[in-house]
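Biologist: Could you take me closely through one part of this model, the surroundings of a single loop residue, and then set that part against the sheets of the chain? I would like one connected account rather than a list.

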Amino acid sequence: MEVVIIRSAAEAGRIAADRVEAAIAGRPRPVLGLATGSSPLPVYRELADRVRCGLDLSHARGFALDEYVGLSYEHAESYHSVVHREVTIPLGLDPDAVEVPPGMAQDLAAAARRYDDAIVGAGGVDIQLLGIGSDGHIGFNEPTSSFTSRTRVKRLAERTRADNARFFGAPEDVPTHCVTQGLGTISEAREVVLLAFGAGKADAVAAAVEGPLASICPASVLQLHERATFILDEEAAQGL
Ligand code: GLP
């Protein structure tokens with residue numbers, strides 16, 4: 001695991017965008033693993049700048065990590081909407097080639113399995129961007145998630161619902177369940193870049209990087225990954 005400590009969000013964006021460019025170079029149909037949340041935004045901003053300067057991502061496929069259950073895809077805070085608004089459009093991706101887990105499916109379990117199969121069928125993720133929850137979750141794999149888990153329905157931890165209440169009118173409006181890629185699914189990406197900023201992430205980052213390999217900190221699974229990079233500001237790195 002590589003740890004890079006940066007001085008600004010823009011620097012984090014540049015380093016991660018370089019990794020994305022390198023990971024997809026020469027691949028006819030590269031696959032990007034897309035994360036929501038505020039942490040990856042500097043990467044999307046940097047990639048959007050590069051697209052304006054000629055970088056072409058229109059041949060890339062994208063798979064998002066997670067989605068709320070029961071939230072209309074048209075809702076502004078559904079990850080279908082967020083990914084379309086913050087990633088697909090600014091990066092010039094083909095909207096038909098960007099997939100988000102099926103939080104509105106009738107048969108969620110079957111739809112989640114199909115989503116997982118689609119990632120494998122696309123040849124797997126070339127580079128996965130990640131944020132980290134204050135409880136150490138990646139995607140929506142909450143503490144005690146199995147390291148071998150696949151895309152499935154999960155109940156959201158109360159701490160995650162509280163963290164994400166800022167996006168909804170009232171805390172009780174935050175959905176209680178999600179569909180998320182599993183830790184086993186995420187671990188199959190050929191490269192992983194996790195971004196974390198601010199003191200609120202310091203405990204989770206320390207547990208992920210230097211704590212025991214333990215499902216109580218789901219991000220610690222990345223200690224097993226051959227190509228995982230944590231890009232941190234000094235506040236997020238202060239527990240290391
Ligand atoms: C949500 C997302 C995660 C994200 C986390 C942290 O729970 N499902 O993928 O990593 O928020 O978000 P932020 O980067 O805004 O702190």
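Modeller: In this predicted model, Leu93 counts as buried because 23 C-beta neighbours lie inside 10 Å. Leu93 sits in the loop between helix H3 (79-88) and strand E5 (98-99). Leaving aside neighbours within four places in sequence, the contacts of Leu93 are Leu57, Ser58, Ala60, Gly62, Val87, Thr88 and Val98. One of these, Gly62, is 31 residues from Leu93 in sequence, yet the two C-alpha atoms are 8.1 Å apart in space.

The contact with Gly62 leads into the parallel sheet, for strand E3 covers residues 61-64 and pairs with E2 in the parallel sense over four bridges. Within that pairing, Val31 has Arg61 of E3 as its bridge partner. The sheet as a whole is open and has seven strands in the order E1-E10-E9-E6-E2-E3-E5, with parallel pairing. Strand E1 (2-6) and E5 stand at its edges, and each has a single partner strand, so one side of each is left without a neighbour in the sheet. E5 is also the strand that follows the loop of Leu93.

Further along the same order comes strand E6 (residues 127-130), which is covered on both faces: Ile127 and Leu129 are buried on one side, and Gln128 and Leu130 are buried on the other. Two bridges join E6 to strand E2 (residues 31-34), and the two strands run parallel; here Leu32 has Ile127 as its bridge partner in E6. E6 also pairs with strand E9 (residues 192-196), again in the parallel sense, over three bridges, and Leu130 stands opposite Leu194 in E9.

The ligand can be described by the residues around it. Of the 14 residues there, Gly37, Ser38, Ser39, Gly131 and Gly133 come nearest. The shell divides into four nonpolar residues, nine polar residues and one charged residue.

A further open sheet has three strands in the order E4-E8-E7, with antiparallel pairing. Its edge strands are strand E4 (66-68) and strand E7 (152-155), each of which pairs on one side only, and the twist averages 30° from one strand to the next. E7 and strand E8 (residues 177-180) pair in the antiparallel sense over four bridges, and Arg155 has His177 as its bridge partner in E8. Helix H4 (residues 108-121) packs on this sheet and touches E7 and E8, with its direction making about 120° with that of E7.

Tyr73 offers a second loop residue to set beside Leu93, and its place is in the loop between E4 and H3. With 14 C-beta neighbours inside 10 Å, Tyr73 counts as partly exposed, whereas Leu93, with 23, counts as buried. Not counting residues up to four places away in sequence, Tyr73 touches Ser78, His80, Ser81 and Met104. The C-alpha atoms of Tyr73 and Arg152 are separated by 18 Å, and the two residues are 79 apart along the chain.

As for the record, UniProt places the feature "domain: Glucosamine/galactosamine-6-phosphate isomerase" at residues 9-227, in an unreviewed entry. Over residues 9-227 the chain is 33% helix and 14% strand, and the end C-alpha atoms are 22 Å apart.

Key: Residues are numbered from 1 along each chain as its sequence is written. This is a predicted model: local features need pLDDT of at least 70, side-chain atom pairs count only at pLDDT 80 or more; totals for chains, interfaces and linings use all residues. A residue is buried if 20 or more other C-beta atoms lie within 10 Å of its own, exposed if 12 or fewer, and partly exposed in between; C-beta atoms are placed from the backbone. Two residues are in contact if their C-beta atoms, placed from the backbone, lie within 7 Å. A residue is near a molecule or strand if its C-beta atom, placed from the backbone, lies within 6 Å of it. Ala, Val, Leu, Ile, Met, Phe, Trp, Tyr, Cys and Pro count as nonpolar, Asp, Glu, Lys and Arg as charged, and the others, Gly among them, as polar. Two strands pair if DSSP finds at least two bridges between them. Axes are lines fitted to C-alpha atoms, for helices over the stretch in contact, and angles run from 0 to 180 degrees between N-to-C directions. UniProt positions are given in the numbering used here, feature names are shortened, and annotations may be inferred rather than shown by experiment.
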